[in-house]
Number of protein chains: 2
Amino acid sequence: MERLEEYFKEITWQKEPQNLYNPIYYTLLQGGKRLRPRLVFMSTKLFGGNLTEALHPAAAFEMLHNFTLIHDDIMDNADIRRGQPTVYRQWNGNIAILSGDALATLALQEMLHTNAKSDTVIALSKLLAQTSLEICEGQQWDLDFETQQTVHIEDYIDMIRNKTAVMLAGCLKAGAILSETSVTNQNAIYDFGIYIGLAFQIKDDLLDVYGDDTTFGKKIGGDIRENKKTYPYLRALKDSDNQQKKDLQYYFSSSDFDEKQKFEAVKTIYQNLDIQKKSEQYIDSLVSQALAILQNINCPEQNKQPFRDLAIELSCRTK
Amino acid sequence: MERLEEYFKEITWQKEPQNLYNPIYYTLLQGGKRLRPRLVFMSTKLFGGNLTEALHPAAAFEMLHNFTLIHDDIMDNADIRRGQPTVYRQWNGNIAILSGDALATLALQEMLHTNAKSDTVIALSKLLAQTSLEICEGQQWDLDFETQQTVHIEDYIDMIRNKTAVMLAGCLKAGAILSETSVTNQNAIYDFGIYIGLAFQIKDDLLDVYGDDTTFGKKIGGDIRENKKTYPYLRALKDSDNQQKKDLQYYFSSSDFDEKQKFEAVKTIYQNLDIQKKSEQYIDSLVSQALAILQNINCPEQNKQPFRDLAIELSCRTK
């Protein structure tokens with residue numbers, strides 16, 4: 001992982017035009033969790049692949065992830081990301097569109113420069129493209145849900161599968177492809193990634209309500225302010241009585257409320273419905289499904305422990 | 001080329017979410033000149049490659065081109081493209097960002113599915129990525145020039161090289177790579193593409209002043225209204241006396257003028273400086289350089305005629 005940080009510093013040489021490349025350096029060097037490259041390395045290690053070569057797919061997925069953040073922040077009018085102004089705010093919308101486009105292309109270039117068999121490079125590049133497309137689909141569902149009257153929990157799960165989980169699953173599959181393990185193993189580790197990805201996102205939804213501004217890196221309560229239909233909200237709607245449903249829909253129908261007051265009111269309804277606990281139980285069930293898949297993966301048992309730790313870490317995180 | 005039109009109809013099956021895919025179908029099925037896929041096919045034919053397989057790189061470059069249009073139209077606040085509302089206007093900015101992102105990814109998927117040797121597929125994909133990145137750079141220079149006091153003609157040429165010419169050159173090189181011709185030939189046809197690409201863009205600049213709304217497909221005078229520093233403008237600045245320079249800079253310093261009056265005033269200065277003729281002479285010199293490169297390409301002479309015709313067609317077009 002240190003190698004990745006060094007690598008990002010190396011590739012961010014001075015390149016023109018600065019208004020295109022500076023936002024990219026700004027974003028890549030901000031850090032963040034580096035969860036995606038970590039998954040590529042972990043999976044490569046699990047299946048006994050070449051860790052040195054994993055640097056390129058790892059960097060590629062981290063770049064793809066950062067590209068989606070730059071563009072999402074425009075669409076969400078987001079001010080802060082990782083405790084710093086978003087590219088969209090620090091520069092402007094046009095620069096954010098364009099530097100995002102360039103970063104998506106750099107991700108692909110990175111993947112195409114993986115030093116592996118040509119067929120492996122093609123498989124990795126197809127995986128990157130498929131991941132990128134599914135993320136776009138997820139983001140569009142997310143935008144559609146904003147104006148859609150009724151959103152079923154199942155539709156929400158499909159959306160976050162695309163928007164969040166496929167990238168984590170893709171990172172794990174990349175390590176598996178690079179290691180030339182069986183297609184069965186490739187698909188199993190992908191499915192493991194889907195389940196922990198769903199758990200990760202629902203934990204994210206919870207942190208937006210119950211997290212801490214300072215550790216979370218973005219402002220708490222943003223989803224409620226923006227009337228985002230997250231898992232806690234949809235679960236609350238499902239479990240609520242008529243009055244609670246009316247109240248929830250009332251608060252999520254406008255942006256004219258006092259922000260703090262709205263946040264507290266929604267939180268009270270959640271509390272009456274035991275939403276935090278229910279959401280955590282759902283997260284646990286997703287993690288259990290992930291662990292069951294892991295158990296069936298054909299590889300040395302002792303290699304699997306970091307994946308068990310990861311599943312727990314992602315579902316118990318505070319940031 | 002008919003095969004491409006059929007192909008675009010075939011691949012535009014109903015896919016969800018509609019707000020992501022409908023703008024893509026809308027754009028791809030609008031037609032346009034289809035210049036880029038035509039170049040891929042022409043070059044494949046020139047070097048004796050497999051025309052059936054050329055369909056994928058041809059479609060990929062047309063998709064990449066359309067992706068850049070969707071995003072450029074957001075950045076330029078453009079209302080009309082190919083005589084129809086831009087995606088940005090027909091839907092909205094967020095949908096335009098996202099469907100553009102998806103289309104760029106579909107372009108890559110298309111390229112990766114070319115049925116050729118793995119090394120050829122990788123070379124084609126690297127070419128697509130390099131082209132895409134250079135186009136982003138060109139677009140950023142273009143945005144930078146809007147607020148930059150002084151723009152030298154050489155800088156402008158560098159900008160349109162990236163923004164327009166590399167895509168045409170890339171299409172020609174794609175046909176050459178697919179045909180497995182020599183690297184010397186690959187680079188020569190690329191350079192030919194750069195020269196005709198520059199000629200094509202400067203012709204575009206001229207059509208914005210001297211073209212016809214109905215045949216050109218977009219509104220005439222847009223560059224002047226938006227204070228775009230095009231070749232005619234920069235050439236006029238260079239050749240003007242002090243008073244003309246002051247007048248030009250005055251008109252290009254604000255958007256508060258009556259649109260028609262400003263257009264006529266600028267056109268009068270251009271006329272006094274013989275800008276139309278000078279620009280056309282410059283276009284001719286670019287075409288001559290392209291033809292000189294063509295002459296040195298090592299392939300059957302009789303195959304070259306369509307390229308000579310193309311160079312003339314692009315530099316004398318009215319739309």
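Two residues are in contact if their C-beta atoms, placed from the backbone, lie within 7 Å. Keep that cut-off in mind while you tour this predicted model, beginning where its two chains meet.

Select the residues of chain A and chain B that touch one another: the contact takes 33 residues from chain B and 33 residues from chain A. On the side of chain B that touches chain A, the helices α2, α4, α6 and α7 each supply at least two residues, and α7(B), which you can select as residues 118-147, gives the most, with 16 residues. Colour that side of chain B by residue type, and the residues divide into 18 nonpolar, 10 polar and five charged. Of the interface residues of chain B, 100% are also interface residues in chain A, so the copies meet through the same surface.

Next, show both chains whole: a rotation of 180 degrees, with 0.0 Å of shift along its axis, superposes chain B on chain A with an RMSD of 0.0 Å, which is the relation of a two-fold axis. To find where that axis passes, select S118(B), whose C-alpha, at 2.8 Å, comes closest to the rotation axis among the residues of chain B.

Finally, select residues 275-296 of chain B, which form helix α15, with 22 residues and a reach of 32 Å from the first C-alpha to the last. Its buried residues, among them I283(B), L286(B) and V287(B), fall within an arc of 105 degrees seen down the axis of α15(B), so they line one face of the helix. What covers them includes α9, α12, α14 and α16 of chain B, whereas on the other side of α15(B) the exposed residues include K277(B), Q281(B) and D284(B).

Note on methods
Residues numbered from 1 in each chain as written. Chains lettered and ligands numbered in written order. Predicted model: local features only at pLDDT ≥ 70, side-chain atom pairs only at ≥ 80, totals over all residues. Helix = DSSP H or I, 4+ residues; strand = E, 2+ residues; numbered from the N terminus. Expected span 1.5 Å × (residues − 1). Buried ≥ 20, exposed ≤ 12 C-beta atoms within 10 Å, placed from the backbone. Arc of directions from axis to C-beta. Nonpolar A, V, L, I, M, F, W, Y, C, P; charged D, E, K, R; others polar. Least-squares fit on C-alpha atoms with pLDDT ≥ 70 in both.
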